[in-house]
Every structure is written in C-alpha cells, then in structure tokens.
Amino acid sequence: MRRSHRRSGQGARDRAAGRRLRHGDLARGQCGDPGGPRIAILAEYDALPGVGHGCGHNVIGAAATGAFLGLLDVVAGTGGAVVLLGTPAEENGSGKEILARAGAFAGIDAAIMLHPATHDSANFAALGLRSVEAAYHGVPAHASHQPEAGRNALDAVVAAYQGIAALRQHMPRADRVHGVITDGGQVANVVPALASLRLLIRSPEVGSLLALSERVQRVLEGAAMITETRLDAVWDRIQPCLPVRNNDVLTGRFSAHMTGRGRTFGTDRGAARGSTDMGNISLRIPSIHPTVAIAPPEIALHTAAFAEYAGSEPGDRAVVDGAIALALTALDFLTDAELRERSRAEFEAAGGVVDVPALLTPPADGRRDRKGSE
C-alpha cells in the first residue's frame with residue numbers, strides 16, 4: 001500500500017469486522033477508529049433486467065470491496081475509519097438517496113467510488129434526473145353513437161406528448177425530456193376515460209432541473225385544460241438523482257494513483273449524458289465518481305456488449321487498478337489533515353451541504369388537478 005503501519009490487535013479486529021458484513025446493517029462493513037475521520041467506499045452492485053451488468057456495477061462492487069479489504073491491515077494506524085457501504089438500486093431506484101434519508105451517511109466525512117466506462121476520467125458529468133407520471137381522467141362514451149358526451153383522456157395524453165415535443169425546441173441544449181405512453185385506452189369504440197404517460201426530465205444543474213420541471217408541469221396542465229380532462233400528476237415516485245458535484249481535491253489524488261497504474265486520467269468533464277444517485281450524496285459530503293475505461297469508445301453502456309466487457313480481462317484489470325487507487329485515496333484522506341481541510345473547503349465553496357429532501361419537492365401545482373378545486 002506504499003505505506004507501512006504497525007500491525008496490532010486492533011488490526012486483527014478490523015480484519016474480522018471486515019469479514020462480517022451484517023445483513024441487518026445493510027451491506028456495510030467498517031474498520032478503524034470511528035472516533036476519527038471516516039471515509040466511505042461505495043459499492044453499487046445491481047444490474048439491468050435482460051442485460052445483466054450492462055452498466056458494469058460488478059466492477060464497481062468488486063473494486064470497492066477490494067479497496068476495503070486492502071485497507072484492513074493498515075487502517076488502525078491512521079486514527080480514522082473506512083466504511084464499505086453497499087448501495088443497491090442505483091438503476092431506476094435512487095438507492096443512495098433512500099440510504100441517506102435513513103442515516104447511512106451520518107458521521108461520514110467523504111465518499112468515494114468509481115464507475116466503468118469507455119474512457120478514463122477523473123470527473124463524471126451527470127445530468128440531474130427526475131420523473132413524473134401523468135394520468136388524465138376523462139369521461140367515457142360511445143365513440144360513434146354519442147362522442148359529444150365524452151371527454152377523451154387519450155387526446156390529453158397526445159396533447160401533452162406533443163406539447164413536450166414542442167418544448168424541446170426551446171430548452172437549453174443539455175436538457176432532456178423523454179417518455180412513453182403507458183396507457184392509451186382499451187377499445188377503439190369507447191372514448192378513453194383514462195390514459196397516462198411517464199416522463200423523465202434531465203438537466204445538468206440543480207436550478208435548471210427545477211426550472212425545467214416547472215415548464216413540464218405547465219405543459220401537462222395545459223393538455224388537461226384544452227381537453228377538459230382532469231390531471232393527476234405524481235412527481236418523483238422514485239427519488240430523483242441530482243447532478244454530481246465533483247471534489248477536485250480528492251479526484252486529484254485518485255488520478256495520481258491511477259497514473260501510477262499506467263492509466264492516463266484527464267480532468268475534462270465532457271458533456272453530461274447519464275444520471276446517478278451519487279449526485280445526491282455529493283451535495284451532502286465531499287465525493288468523487290471517476291470513470292475507468294473497460295471498453296472501446298464505440299461500445300454503449302446499458303447494452304449486452306458492455307456487459308461482456310464488464311466480465312472480460314479489461315474489466316478485471318479495472319477492478320484491480322480501481323481497488324488500489326480507491327484504497328490509496330482513502331488512506332490519503334485519513335492520514336493527511338491538510339487534504340481533508342482542502343477537500344472540505346472546496347465543498348463549502350461550491351455551496352456546502354444541501355437539504356436534498358427539501359429541494360426535491362414537486363413543481364408548483366404538481367399536486368393540484370386543474371379542473372377541480374385546489
């Protein structure tokens with residue numbers, strides 16, 4: 001580990017603790033002195049239905065576990081503690097936000113993890129993400145015999161979808177809105193009394209994500225007004241993901257250790273495309289989410305082809321390189337008070353701790369049907 005520390009009885013106890021990841025305490029292990037500084041290494045381990053590890057979370061989980069095991073013999077000499085925290089349901093679940101609200105990150109001073117990709121990068125540019133499920137309630141009627149008696153919920157969904165399509169022309173280039181119609185009625189000779197769609201809204205900044213959400217809500221409400229239907233909009237049934245606030249002080253150490261493994265790490269954040277619940281944690285404590293190349297640039301994430309690379313020799317090499325770099329970064333954090341101070345100062349300068357639950361409220365009018373009462 002490039003450092004030597006005297007092995008002690010505490011070290012033996014830490015190794016034993018590292019082997020006991022308690023089911024009742026989530027997937028969590030801790031070693032070292034919890035009274036000192038504490039850093040968490042996060043292990044995502046979920047997969048994609050029908051695709052498997054098309055996002056490479058097997059690499060994330062193995063690298064994080066390897067880093068934790070590599071620290072067991074030395075952490076006793078640091079005066080601090082390292083936590084291995086399993087974080088499930090990153091895919092379509094925002095598991096880290098759920099864990100954070102349950103207190104899983106209480107007392108943790110920093111969080112680090114990596115993610116496999118098609119390039120090595122110290123920074124991960126992520127879009128904030130939230131969802132809305134919009135159901136329109138109309139009035140059923142015979143579609144031929146007495147259509148004037150009905151109010152068509154499918155027309156409302158179509159109007160909303162077209163309204164979103166028109167909105168795209170006037171959104172900032174990095175913003176995204178995409179979705180599907182989840183219910184369009186049952187039979188063609190009955191005016192649909194219920195129809196629905198689900199939208200995902202993405203933006204690279206917290207403020208722009210909230211502003212875009214308001215615009216989407218107005219489109220949904222407008223569709224209800226012009227079709228004389230009732231809107232029931234449910235925002236954030238799954239907790240949103242917020243943009244990642246990268247901590248450059250910590251990514252600098254991680255990059256240096258990866259360079260020592262023969263990799264070339266840049267700091268260009270690039271264009272934000274995907275989303276991750278690590279963004280929610282990065283607004284609570286200093287965090288990093290670098291990417292490690294396991295596949296060529298033409299291979300897309302969330303595909304069977306990427307899953308093959310996640311189980312290949314390049315994937316295995318990323319596990320080893322990543323485990324070593326994560327362990328050394330954690331060790332730097334625990335042993336270098338100046339590093340901790342600089343990473344915290346950067347975090348505070350970027351806005352400090354954000355009250356994420358208070359931030360993630362539905363847009364104005366999001367719980368109000370426009371046809372009925374407030």
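A residue is called buried when its relative accessible area is under 20% and exposed when that area is over 50%, and these two words guide the tour of this predicted model.

Begin by selecting residues 337-349, which form helix α10; at 1.5 Å a residue its 13 residues should span 18 Å, and because the end C-alpha atoms do lie 18 Å apart, the expected and computed spans agree. Within α10, pick out L339, S343 and F347, which are buried. These residues cover an arc of only 70° around the axis, so they sit on the same side of α10. An α-helix has 3.6 residues a turn, so residues three or four places apart point the same way.

Next, display α6 (248-259), α7 (278-282) and α9 (313-335), which are among the elements that cover the buried residues of α10. Turn to the face directed away from that buried side, where E338, E341 and A349 are exposed.

The two ends of α10 deserve a selection of their own. At the N-terminal end, D336 acts as a cap, with a side-chain oxygen 3.1 Å from the backbone nitrogen of E338; beyond the other end, select G351, which follows α10 and has a positive phi, near 130°.

Finally, move to the largest nonpolar core, which has 41 residues, and select I39, I41, L71, V82, F254 and L326, the members that touch the most others. Elements that each supply at least two residues of this core include β2 (38-43), α2 (57-71), β3 (81-86) and α8 (304-310), while α9 gives the most, with 9 residues. Apart from this core lies another, of 30 residues, where V132, V157, V177 and L231 are among those to select.

Definitions and conventions: Residues are numbered from 1 along each chain as its sequence is written. This is a predicted model: local features need pLDDT of at least 70, side-chain atom pairs count only at pLDDT 80 or more; totals for chains, interfaces and linings use all residues. Side-chain values use heavy atoms; hydrogens and water are left out. Helices (H or I, at least four residues) and strands (E, at least two) are DSSP runs, numbered from the N terminus. The expected span of a helix is 1.5 Å times one less than its number of residues. Buried means under 20% relative accessible area, exposed over 50%, partly exposed in between (1.4 Å probe, protein chains only). The arc is that of the directions from the helix axis to the C-beta atoms. Contact means heavy atoms within 4.5 Å. A polar contact is a pair of N or O atoms within 3.5 Å; within protein, one must be able to donate a hydrogen and the other to accept it, and residues adjacent in sequence count only if both atoms are side-chain atoms. A nonpolar core is a set of buried Ala, Val, Leu, Ile, Met, Phe, Trp, Tyr and Cys residues joined through side-chain atoms within 4.5 Å.
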